[in-house]
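Let's take a walk through this one, starting with its empty space and then turning to a couple of backbone oddities. Have the viewer ready.

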Amino acid sequence: MRLFLTATLAAAVAGSLLPLLKARLQAVGPEMPGRAVYENTCSRCHGLEGTGGKAPWLVPFGWSYSQALDIVRHGGSGMPAFPESELSDDALKQIVDYLKTLNQTHVK
């Protein structure tokens, strides 16, 4: 009986979370160019999904591209500066676009 209840509860939870997980995967699938750039450049400090770690949360993401460019190029408040030789403007644009997709699926 206990096994049946556990299996039933697990199925109910999985069934209620499945649509959310499916939407999340579609929104931030591996084909999103900025995801790989973000993971390689930013995630070690800001976490895999921009929800913090050694550095502040980036999601929900509210900066414009020009604001993000200024922060990334000049650093400050513990953020190191990244010169264009380490992170191109195009790569930063991909990161900004990726972080904005996380806004759509971010659940607090």
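What follows looks at a pocket and then at two spots in the loops. Keep in mind that this is a predicted model.

Start with the pocket. Rolling a probe the size of a water molecule over the atoms shows where empty space is left. Here the largest pocket comes out at a volume of about 450 Å³. Its lining takes in 26 residues, and if you want to find the centre, look for His46, Leu58, Trp63, Ile71 and Met79, which lie nearest to it.

Which helices supply at least two residues each of that lining? They are H3 (43-46), H4 (65-74) and H5 (89-105). H5 gives the most, with four residues. As for chemistry, the lining of the largest pocket counts 19 nonpolar residues, alongside six polar and one charged.

Now for the backbone. Most residues other than glycine have a negative phi, and most peptide bonds are trans. Two places here go the other way. One sits in the loop between H3 and H4, where you'll find Pro60: the peptide bond leading into Pro60 from Val59 is cis, with omega near 5°.

The other is Ser77, further along in the loop between H4 and H5. Its phi is near 50°, so to speak on the positive side, though the residue isn't a glycine. Is Ser77 buried or exposed? Ser77 counts as exposed because its relative accessibility is 88%, and the cut-off for that label is over 50%.

Key: Residues numbered from 1 in each chain as written. Predicted model: local features only at pLDDT ≥ 70, side-chain atom pairs only at ≥ 80, totals over all residues. Heavy atoms only, no water. 1 Å grid on protein atoms, 1.4 Å probe; cavity = no way out; pocket = protein on both sides within 12 Å on 5 of 7 lines; lining within 4 Å. Points joined across faces, edges and corners; volume = space filled by probe spheres on them. Nonpolar A, V, L, I, M, F, W, Y, C, P; charged D, E, K, R; others polar. Buried < 20%, exposed > 50% of the residue type's maximum accessible area, 1.4 Å probe, protein only.
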